Amino acid sequence: MSAAATADLKHFFFDENLATALTAGVQETIYEMCRLPCDFEGNFIAQHWTPSGHATSSVELISEQQKGLLQLHFSDVAALTIMAKLLGRAPMTVNDDALDCIGSLTGIIYGRMKAILNPQGYKFMMALPKMNYTAKLKHPEGNIRHLIVPFRVGSSKCFIQVVFYA
C-alpha cells in the first residue's frame with residue numbers, strides 16, 4: 001500500500017469513532033426525547049450522493065483539523081412523528097415548525113456527538129443547526145466523499161450524511 005493510501009485511511013473520515021458517535025447521538029436523543037427506537041443499517045462511503053427525505057437539518061463540522069458538514073435527512077413521516085412525540089401535536093405536512101423541531105433535535109444530537117468525540121481529541125466547535133426542505137438543498141460539487149448512515153425511525157427511512165471538505 002502506498003504512503004498516500006495509508007495516510008488517506010488514517011483520515012478522520014474513515015474513523016469508526018465518527019459513525020459510532022453519530023449513531024449513538026441519534027439513537028439516544030430520539031429515544032430519550034421521543035421514545036422512538038432507531039434501527040441503523042450499514043454505513044457506506046459514496047462519491048456522489050443525492051439526499052432522500054423531506055426535512056433536513058445541517059450543522060457545520062469545524063475543528064482545528066477538519067471542516068465539513070453533518071446533515072440529518074428525515075422522511076416526512078419521521079419528521080411529523082418526532083414532532084408529535086415532542087410536542088403532542090404535529091401538522092398534516094412538514095412545515096417551518098416541523099423543521100424547527102428537527103433542528104432542535106439535531107442540536108442535541110450534535111452536542112452528544114461532540115461529548116463523545118471531543119475528549120478523544122477531535123475538538124469540534126459549537127455550531128447551530130440550519131433547517132431546510134431536503135428538495136431545496138444545494139448538493140456539494142466536486143471530488144467530495146460522503147459518509148452515509150441509513151437508519152429507520154419506525155418504518156421510515158432516514159439518513160445521516162457527513163461531508164468533509166479538503
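Modeller: Before we start, one cut-off: a residue is called exposed when its relative accessible area is over 50%, buried when that area is under 20%, and partly exposed in between. The model we are looking at is predicted.

Colleague: Thanks! What makes R35 exposed?

Modeller: R35 has a relative accessible area of 52%. The cut-off for exposed is over 50%, so R35 passes it. You will find R35 in the loop between α2 and β1. Its phi is near 60 degrees, a positive value in a residue other than glycine.

Colleague: And why is K123 called partly exposed?

Modeller: K123 has a relative accessible area of 42%. That value is neither under 20% nor over 50%, so K123 falls in between. K123 lies in the loop between α4 and β5 (130–133), and it too has a positive phi of about 60 degrees although it is not a glycine.

Colleague: Let's turn to charges. How many salt bridges does the structure hold?

Modeller: There are four salt bridges.

Colleague: How do you know that R112 forms a salt bridge with E28?

Modeller: The closest N and O atoms of R112 and E28 are 3.2 Å apart. The definition asks for a side-chain nitrogen of Lys or Arg within 4 Å of a carboxyl oxygen of Asp or Glu, so this pair qualifies.

Colleague: Why do you say that this pair ties together separate parts of the sequence?

Modeller: Because R112 lies in helix α4 (residues 96–117) and E28 in helix α2 (residues 16–34), parts that are 84 residues apart in sequence. R112 has 21% relative accessibility, so it is not under the 20% limit for buried and counts as partly exposed. E28, at 36%, is partly exposed as well.

Colleague: What else does R112 meet in a salt bridge?

Modeller: The side chain of E32, with 2.6 Å from N to O. This pair also links distant parts of the chain, with E32 in helix α2 and R112 in helix α4, 80 residues apart. E32 is partly exposed at 46% relative accessibility. Taken together, E28, E32 and R112 are linked in a network of salt bridges.

Colleague: What makes E41 and K157 a salt bridge?

Modeller: Their closest N and O atoms are 3.2 Å apart, and the limit is 4 Å, so the pair counts. E41 sits in the loop between β1 (38–40) and β2 (44–46), K157 in strand β7 (residues 156–165), and so the pair joins parts that are 116 residues apart in sequence. E41 is partly exposed at 33% relative accessibility, and K157 is partly exposed, also at 33%.

Colleague: On to the helices. Why are α2 and α3 called oblique to each other?

Modeller: α2 and helix α3 (residues 76–87) pack at about 50 degrees, with their axes 9 Å apart. Roughly parallel would need an angle under 35 degrees and roughly perpendicular 65 to 115, so about 50 degrees makes the two helices oblique. I30, M33 and C34 of α2 make the contact with I82, K85 and L86 of α3. By class, these are five nonpolar, no polar and one charged residues.

Colleague: What makes α3 roughly perpendicular to α4?

Modeller: The axes of α3 and α4 come within 9 Å and cross at roughly 80 degrees. The range for roughly perpendicular is 65 to 115 degrees, so this crossing belongs in it. On the α3 side the contact is made by A79, L80, I82, M83 and L86, and on the α4 side by D97, A98, C101, I102 and L105. Nine of these residues are nonpolar, none is polar and one is charged.

Colleague: Finally, the interior. Which residues touch the most other members of the largest nonpolar core?

Modeller: I30, F74, M113, F151, I160 and V162 do, in a core of 40 residues. Among the elements that each supply at least two residues of this core are α2, α3, α4 and β7. The largest share, nine residues, comes from α4.

Colleague: What is F74 in contact with, leaving aside its neighbours within four places in sequence?

Modeller: F74 is in contact with I30, G53, H54, A55, A79, I82, I102, F151 and C158. Two of these partners, I30 and F151, were in the list I just gave you for the core.

Conventions. Residues are numbered from 1 along each chain as its sequence is written. This is a predicted model: local features need pLDDT of at least 70, side-chain atom pairs count only at pLDDT 80 or more; totals for chains, interfaces and linings use all residues. Side-chain values use heavy atoms; hydrogens and water are left out. Helices (H or I, at least four residues) and strands (E, at least two) are DSSP runs, numbered from the N terminus. Buried means under 20% relative accessible area, exposed over 50%, partly exposed in between (1.4 Å probe, protein chains only). Axes are lines fitted to C-alpha atoms, for helices over the stretch in contact, and angles run from 0 to 180 degrees between N-to-C directions. Angles under 35 degrees count as roughly parallel, over 145 as roughly antiparallel, 65 to 115 as roughly perpendicular and the rest as oblique. Contact means heavy atoms within 4.5 Å. Ala, Val, Leu, Ile, Met, Phe, Trp, Tyr, Cys and Pro count as nonpolar, Asp, Glu, Lys and Arg as charged, and the others, Gly among them, as polar. A nonpolar core is a set of buried Ala, Val, Leu, Ile, Met, Phe, Trp, Tyr and Cys residues joined through side-chain atoms within 4.5 Å.
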